[in-house]
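This report describes the fold of one protein chain, beginning with its overall organisation and moving on to helix packing and selected residues. The sequence and the model are shown below.

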Amino acid sequence: MYRTVVRLCRYTVAQETDCGPIKKMSTLVNFQELPVIGTDPPERADAARNRRRILAAAEKLFAENGVSCTSMDAIAAEAGVGKGTLFRRFGDRASLARALLSERDSGFQEGFIRGEPPLGPGAPPAERLVAFGEGMLDLLEAHGDLLLVAEGGDLMAQQRSDAWAAYHWHVRNLVAEAAPDLDEEVCAGMLLAALSARTFFHQRRGRGMALERLKAGWGSLVRRLLF
């Protein structure tokens with residue numbers, strides 16, 4: 001779990017209890033600080049075990065059958081838990097998709113916050129931004145279907161998410177460092193629009209563009225803008 005503390009960036013961090021997901025506000029301060037790893041509140045052993053079983057079952061069945069073709073009944077049976085336990089914990093398939101996405105996103109955020117360069121600190125900001133976009137495209141390639149289910153038809157759901165707020169903070173700071181003459185707020189929003197799930201699916205599936213072509217295009221865009 002991450003508590004992100006940034007200048008002018010405030011958003012909630014999702015937590016879960018045995019009764020379902022809840023929200024907890026992150027700290028807002030007036031200076032920039034790198035995110036830190038927080039400590040989740042204690043969870044009962046049986047609740048933690050059920051959560052792991054459910055997420056593992058959902059991931060397995062989503063991969064085998066597709067997200068839209070996997071029922072909550074099938075997930076409960078695969079996990080070996082009662083349907084009541086499943087619905088109390090997650091509520092619906094979209095909540096399950098969000099929980100799986102949260103685990104994938106935590107690893108990605110750890111990479112660009114304190115991982116190895118060029119994604120993590122130590123590389124020039126433009127190269128870090130290229131690596132960030134390539135990582136985002138890999139996430140969309142691997143887990144884009146989960147994201148579409150998690151959005152539930154809401155066109156702005158991804159942009160309102162906690163993860164997107166962290167992405168915007170990161171991209172904005174890289175743009176400001178690489179090109180102080182640019183409006184980093186506007187540029188960060190425009191760059192992230194190129195990495196949205198809907199843009200990705202339009203180019204990748206609607207127009208049949210190869211993943212490597214999208215990565216190359218992203219790299220060219222960033223280098224033309226910031227070099």
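What share of the contacts in the protein with a separation of 6 or more comes from residues 24 or more positions apart? Such pairs account for 64% of those contacts.

## Overall organisation

The model is a predicted one. The protein contains 10 helices and 4 strands. Read from the N terminus, the order of elements is β-β-β-β-α-α-α-α-α-α-α-α-α-α; the strands thus precede the helices along the chain. Of the 227 residues in the protein, 44% are buried.

## Packing of helices α1, α2, α3 and α4

Three helix pairs are set out here, with their crossing angles and axis separations.

| Helix pair | Crossing angle | Axis separation |
|---|---|---|
| α1 and α2 | roughly 120 degrees | within 8 Å |
| α2 and α3 | roughly 110 degrees | within 9 Å |
| α1 and α4 | about 95 degrees | 10 Å |

Helix α1 spans residues 45-65, and its axis crosses that of α2 at roughly 120 degrees. The two helices are therefore oblique to each other, and α1 passes α2 in a right-handed crossing. On the α1 side, the contact is formed by R53, I54, A57, A58, K60, L61 and F62; on the α2 side, A74, I75, E78 and A79 take part. By residue class, this contact of α1 with α2 comprises 8 nonpolar and 3 charged residues, with no polar ones.

Helix α2 covers residues 72-79, and helix α3 covers residues 83-90. With a crossing angle of roughly 110 degrees, α2 and α3 are roughly perpendicular to each other. The crossing of α2 past α3 is right-handed. Here M72, D73, I75 and A76 of α2 meet K83, L86 and F87 of α3. The residues of this contact of α2 with α3 divide into 5 nonpolar and 2 charged, and none is polar. Residue I75 appears in the contact with α3 and also in the contact with α1.

Helix α1 also packs against α4, at an angle of about 95 degrees. That angle makes α1 roughly perpendicular to α4. The α1 residues involved are R51, I54, L55, A58, E59 and F62, and their partners in α4 are R93, L96, A99, L100, E103 and R104. This contact of α1 with α4 contains 7 nonpolar and 5 charged residues, again with no polar ones. Among the α1 residues, I54, A58 and F62 take part in the contact with α4 and likewise in the contact with α2.

## A cis peptide bond after α4

Where does P118 lie? The residue is in the loop between α4 (93-114) and α5 (125-151). The peptide bond joining P117 and P118 is cis, with omega at about 10 degrees.

## Residues of helices α6, α7 and α8

Helix α7 comprises residues 162-178 and includes R172. Is R172 buried or exposed? Its relative accessible area is 18%, which means that R172 is buried, the cut-off being under 20%. The side chain of R172 forms a polar contact of 2.5 Å with that of E185. The C-alpha atom of R172 is also 8.6 Å from that of V186, although the two residues are 14 positions apart along the chain.

V186 belongs to helix α8, residues 184-193. With a relative accessible area of 42%, V186 is partly exposed. G189 is found in α8 as well, and is partly exposed at 32% relative accessible area. The C-alpha atoms of G189 and H168 are 7.0 Å apart, while 21 residues separate the two in sequence.

Helix α6 consists of residues 157-160 and contains Q159. This residue is partly exposed, its relative accessible area being 28%. Which residues does Q159 contact, leaving aside its neighbours within four places in sequence? They are W164 and S196. In addition, Q159 and A193 lie 34 residues apart in sequence, with a C-alpha to C-alpha distance of 9.0 Å.

Terms used
Residues numbered from 1 in each chain as written. Predicted model: local features only at pLDDT ≥ 70, side-chain atom pairs only at ≥ 80, totals over all residues. Heavy atoms only, no water. Axes fitted to C-alpha atoms, helices over the stretch in contact; angles between N-to-C directions. Parallel < 35°, antiparallel > 145°, perpendicular 65-115°, else oblique. Left-handed = near helix turned anticlockwise from the far one by under 90°. Contact = heavy atoms within 4.5 Å. Nonpolar A, V, L, I, M, F, W, Y, C, P; charged D, E, K, R; others polar. Buried < 20%, exposed > 50% of the residue type's maximum accessible area, 1.4 Å probe, protein only. Polar contact = N/O pair within 3.5 Å; in protein donor to acceptor, adjacent residues only side chain to side chain.
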